[in-house]
Amino acid sequence: MAKKALMKAELKAEVSKQVEYHRSSLIELSLKIHANPELGFREEKALAWLTSYLKENGFQIEKGVGGLPTAFKAVYGNGKPVIALLAEYDALPEVGHACGHNIIAASTIGAGVASKCVSDNYGGTVAIFGTPAEELFRGKVTMLQAGVFDGVDAAMMVHPGVRNMAIIEALACIGLEIEFFGKAAHAAAHPEQGINALEAMLLAFNAVNSLRQHIKGKARVHGIITHGGEAANVVPAYSAAKLLVRAPDNAYLDELKQKVINCFNGASLATGARLDYKWEETSYAPMNNNLSLARLFSHNLESLGRKMEPFEAQFGFGSTDMGNVSQVIPAIHPTIAIASPDVPLHSTDFAQAAVSEAAHKGLLDAARALAMTVVDLLGEPETLSKVKEEFAK
Ligand SMILES: [Zn+2]
Ligand SMILES: [Zn+2]
């Protein structure tokens, strides 16, 4: 075997050993974050635990990057290339860590500390980014806009799930807030004096239902009515709703946005209720999977005895702010199986699964495969060049 290849194999064995060395601390981090679920932008405990562990292990820490108090950057090594490992650690309202971000955090930290020897041997930087509020506020978008990821050559993270997948499909997604303003009146005595804001909302939702039959397969429009009136004997003067519009690409998202607003304008015209609407200022971008990077990761995870799903397999899709990162930096967002396929994400069952033995094994395997991929990227300039060439296309 050539010396270079031998060194790579030795380093892959070494990073795996390093993950093993940190095993109990990583599991403890995962359990602590899980037991203390913190919502987006309030992840103070997780921030403290993760950054102090990295500091103890020789990383240089900068908290509050991008103007977000619970975001951080932790760096080991120096110079180019810069390989980024991203951590998420926010929980969901009511259901806690039902998306298993405790596993993302622990696996990323594990990969980071295990990758120190890679930077020591080859040079280059291992940069860990703590990215808050993935679920509610898209922290990575704010960090991107602030230039926090400038200079990064490739970015990776692993999300827990029910299958081992190197690539995922994530849709572009934007939020919409709707308000209808009508006119109150006695619903029985003088209905003719009223303008019914609830009827406008119901009409619009029915129009969206009709629209939905004829939109592209992967597009989604869904929402809730958050205000529908005050009393049954008063014509509702006000109604409000929240919707999400999703599409496989940004161009179709724009097209769909107009079609959805047409539904609400139509209802406004029909009922006389005035429409006010607001699109969210930032949106999730679709995931641009870097296949060269995904192949490396897939090979490494497979070498740990996990069976990978084929790249072309499709099992539903959501949206993630890693999609926004993937539009500007070569990136992957693989999933690692920690539960059986019938356990839905964002459920209390998944929250329980996120602290199971399978979850611990998942976070350790994810840490190993990520660190082994860091070996590939820092070890051979031509490997990283391939990843970047694919991205440039
Ligand atoms: Zn989630
Ligand atoms: Zn998630």
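In the predicted model, His159 is a buried residue, with a relative accessible area of 7%, and its NE2 atom belongs to the coordination shell of the zinc ion (ligand 2), which is completed on the protein side by Cys99 (SG) and His101 (NE2), at 2.0 to 2.3 Å. Along the chain, these donor residues follow the spacing C-x1-H-x57-H. Cys99 is located in the loop between strand 3 and helix 3, whereas His159 belongs to strand 6 (residues 159-161), so the pair ties together parts of the chain that are 60 residues apart in sequence. Cys99 likewise counts as buried, at 6% relative accessibility.

A second metal, the zinc ion (ligand 1), lies 3.1 Å from the zinc ion (ligand 2), and Cys99 bridges the two. The protein donors of the zinc ion (ligand 1) are Cys99 (SG), Glu135 (OE) and His346 (NE2), found at 2.0 to 2.2 Å from the metal, and their spacing in the sequence is C-x35-E-x210-H. Here too distant parts of the chain are linked, since Cys99 in the loop between strand 3 and helix 3 is paired with Glu135 in the loop between strand 4 (124-130) and helix 5 (139-145), 36 residues apart. Glu135 counts as buried because its relative accessibility, 15%, is under the 20% limit.

His346, the remaining donor named for the zinc ion (ligand 1), is found in the loop between strand 12 (335-337) and helix 10 (348-353). The backbone of His346 adopts a positive phi of about 65°, although the residue is not a glycine, and His346 is partly exposed, with a relative accessible area of 38%. A positive phi in a residue other than glycine also occurs at Glu94, where the value is near 70°. Glu94 lies in the loop between strand 3 and helix 3 (101-114), the loop that also holds Cys99; Glu94, however, is exposed, with a relative accessible area of 83%, whereas Cys99 is buried.

Strand 3 and strand 4, which flank the loops mentioned above, belong to an open sheet of six strands with the order 1-2-4-3-5-11 and mixed pairing. The edges of this sheet are formed by strand 1 (60-63) and strand 11 (331-332), each of which pairs on one side only. Within the sheet, strand 3 and strand 5 (residues 154-156) pair in the parallel sense over three bridges, and Ala84 stands opposite Ala155 in strand 5. Helix 3 packs on this sheet, where it touches strand 3 and strand 4, and the direction of the helix makes about 155° with that of strand 3. A further backbone feature is found in the loop between strand 2 (72-78) and strand 3 (82-87), which contains Pro81: the peptide bond from Lys80 to Pro81 is cis, with omega near -10°.

Helix 3 also packs against helix 2 (residues 44-56), the two axes coming within 11 Å and crossing at roughly 10°, and the two helices are therefore roughly parallel to each other. The contact is made by Leu50, Tyr53 and Leu54 of helix 2 together with Ala105, Ile109 and Val113 of helix 3. When sorted by class, this contact comprises six nonpolar residues, with no polar and no charged residues.

Another open sheet is built from four strands in the order 8-9-7-10, with antiparallel pairing. Strand 8 (220-227) and strand 10 (274-279) are the edge strands, each pairing on one side only, and neighbouring strands of the sheet are turned by 20° against each other on average, direction ignored. Strand 8 is joined by seven bridges to strand 9 (residues 238-247), the two running antiparallel, and His227 stands opposite Ala240 in strand 9. Helix 7 (residues 250-271) lies across strand 7 (172-181), strand 8, strand 9 and strand 10, and runs at about 15° to strand 7.

Note on methods:
Residues numbered from 1 in each chain as written. Chains lettered and ligands numbered in written order. Predicted model: local features only at pLDDT ≥ 70, side-chain atom pairs only at ≥ 80, totals over all residues. Heavy atoms only, no water. Buried < 20%, exposed > 50% of the residue type's maximum accessible area, 1.4 Å probe, protein only. Pairing = 2+ DSSP bridges. Axes fitted to C-alpha atoms, helices over the stretch in contact; angles between N-to-C directions. Contact = heavy atoms within 4.5 Å. Donors = N, O, S within 2.8 Å, 3.2 Å for Na, K, Ca; no water. Parallel < 35°, antiparallel > 145°, perpendicular 65-115°, else oblique. Nonpolar A, V, L, I, M, F, W, Y, C, P; charged D, E, K, R; others polar.
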